[in-house]
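Reader: I would like a close look at one part of this protein, namely its charged side chains and what surrounds them. Please keep to what can be read from the model.

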Amino acid sequence: MELKKQILRLLAEDGRMSARDMAERLDSDEKTIADMIEQLERDKVIFGYCAMFDETELPENAVKAIIEVKIRPERDGGFDKIARRLSRFPQVSSLYLMSGGFDLMVEVKGRNLNEVAMFVSSKLATIDGVLSTATHFLLKKYKEAGKLLQEEEPHERLQVTP
């Protein structure tokens with residue numbers, strides 16, 4: 001069980017780390033590590049890998065917004081039925097059930113502000129059970145998944161003379 005956690009921690013740090021490199025770091029053998037990763041994938045503990053990159057390189061990801069959604073839970077499905085419906089939209093990149101003043105947090109990507117606004121007004125807000133939305137456009141990303149996206153600027157000390 002501990003090996004599983006160690007593998008997951010290493011993959012969270014670097015999803016491209018090889019089984020050989022993990023085996024060296026964990027003092028294990030490569031086959032054991034590779035077999036464990038395959039099992040984690042079959043069990044859907046690991047359900048995908050992705051690269052972090054400057055999303056402005058892809059025009060379909062030019063604009064990102066976080067949308068707070070207040071919903072009316074359904075009698076049989078609670079929040080899940082509406083959440084499953086929202087998750088099927090290609091514009092939705094992440095979706096979370098939240099505590100606090102709103103129920104769902106939806107991360108949406110689009111080519112421009114208008115495309116995201118149209119999604120909110122014509123698709124999201126019109127779903128039965130959606131009571132209100134609040135859209136926040138992301139302006140600049142500084143850190144993602146524990147990684148700083150910009151190097152720190154060096155601080156030069158001013159010389160003090162007597």
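Is lysine 70 buried, partly exposed or exposed, and at what relative accessibility?

Author: The model is a predicted one, and what follows should be read with that in mind. Lysine 70 counts as partly exposed, because its relative accessibility is 32%, and partly exposed covers values between 20% and 50%.

The side chain of lysine 70 meets that of aspartate 103 in a salt bridge, at 3.8 Å from N to O. This pair links distant parts of the chain. Lysine 70 sits in strand β1, residues 63-71, while aspartate 103 is in the loop between β2 (92-97) and β3 (104-110), and the two are 33 residues apart. Aspartate 103 has a relative accessible area of 9%, so this residue is buried. The bridge therefore joins a partly exposed lysine to a buried aspartate. Side chains of opposite charge can pair when their charged atoms come close.

A second bridge is formed by arginine 72 and aspartate 128, with the closest N and O atoms 3.6 Å apart. Here too the pair links distant parts of the chain: arginine 72 is in the loop between β1 and α4 (80-87), and aspartate 128 is in the loop between α5 (113-124) and β4, 56 residues apart. Arginine 72 has a relative accessible area of 44% and is therefore partly exposed. Aspartate 128, at 58%, is exposed.

A third pair is lysine 81 with glutamate 74, whose side chains meet in a salt bridge at 3.7 Å, N to O. Lysine 81 is partly exposed, with a relative accessible area of 48%. Glutamate 74 also counts as partly exposed, at 28% relative accessibility. The count for the model comes to nine salt bridges, and these three pairs are among them.

The loop that holds aspartate 128 also holds isoleucine 127, between α5 and β4. Isoleucine 127 is at 4% relative accessibility and so counts as buried, whereas aspartate 128 is exposed. Leaving aside neighbours within four places in sequence, isoleucine 127 is in contact with Arg85, Leu86 and Phe89. Isoleucine 127 and glutamate 151 are 24 residues apart in sequence, and their C-alpha atoms are 42 Å apart in space.

Nonpolar side chains also occur at the surface. Leu113, Phe137 and Leu139 make a nonpolar surface patch of about 340 Å². Of these, leucine 139 lies in the loop between β4 (130-137) and β5 (143-144). Its relative accessibility is 82%, so leucine 139 counts as exposed.

Helix α1 offers a view of both kinds of surroundings. Its twelve residues, 2-13, should span 16 Å at 1.5 Å a residue, and the end C-alpha atoms are 17 Å apart, which agrees. Ile7, Leu10 and Leu11 of α1 are buried. Seen down the axis of α1, the buried residues fall within an arc of 100°, so they line one face of the helix. Their cover includes α2 (19-26) and α3 (30-42). The face of α1 turned away from that buried side carries Arg9 and Ala12, which are exposed.

Terms used: Residues are numbered from 1 along each chain as its sequence is written. This is a predicted model: local features need pLDDT of at least 70, side-chain atom pairs count only at pLDDT 80 or more; totals for chains, interfaces and linings use all residues. Side-chain values use heavy atoms; hydrogens and water are left out. Helices (H or I, at least four residues) and strands (E, at least two) are DSSP runs, numbered from the N terminus. The expected span of a helix is 1.5 Å times one less than its number of residues. Buried means under 20% relative accessible area, exposed over 50%, partly exposed in between (1.4 Å probe, protein chains only). The arc is that of the directions from the helix axis to the C-beta atoms. Contact means heavy atoms within 4.5 Å. Patches are made of residues with over 30% relative accessible area and no salt bridge: like charges are joined within 9 Å, nonpolar side chains (Val, Leu, Ile, Met, Phe, Trp, Tyr) within 5 Å. Accessible areas come from the Shrake-Rupley method with a 1.4 Å probe; for residues, only the protein chains shown count as cover. A salt bridge is a side-chain nitrogen of Lys or Arg within 4 Å of a carboxyl oxygen of Asp or Glu.
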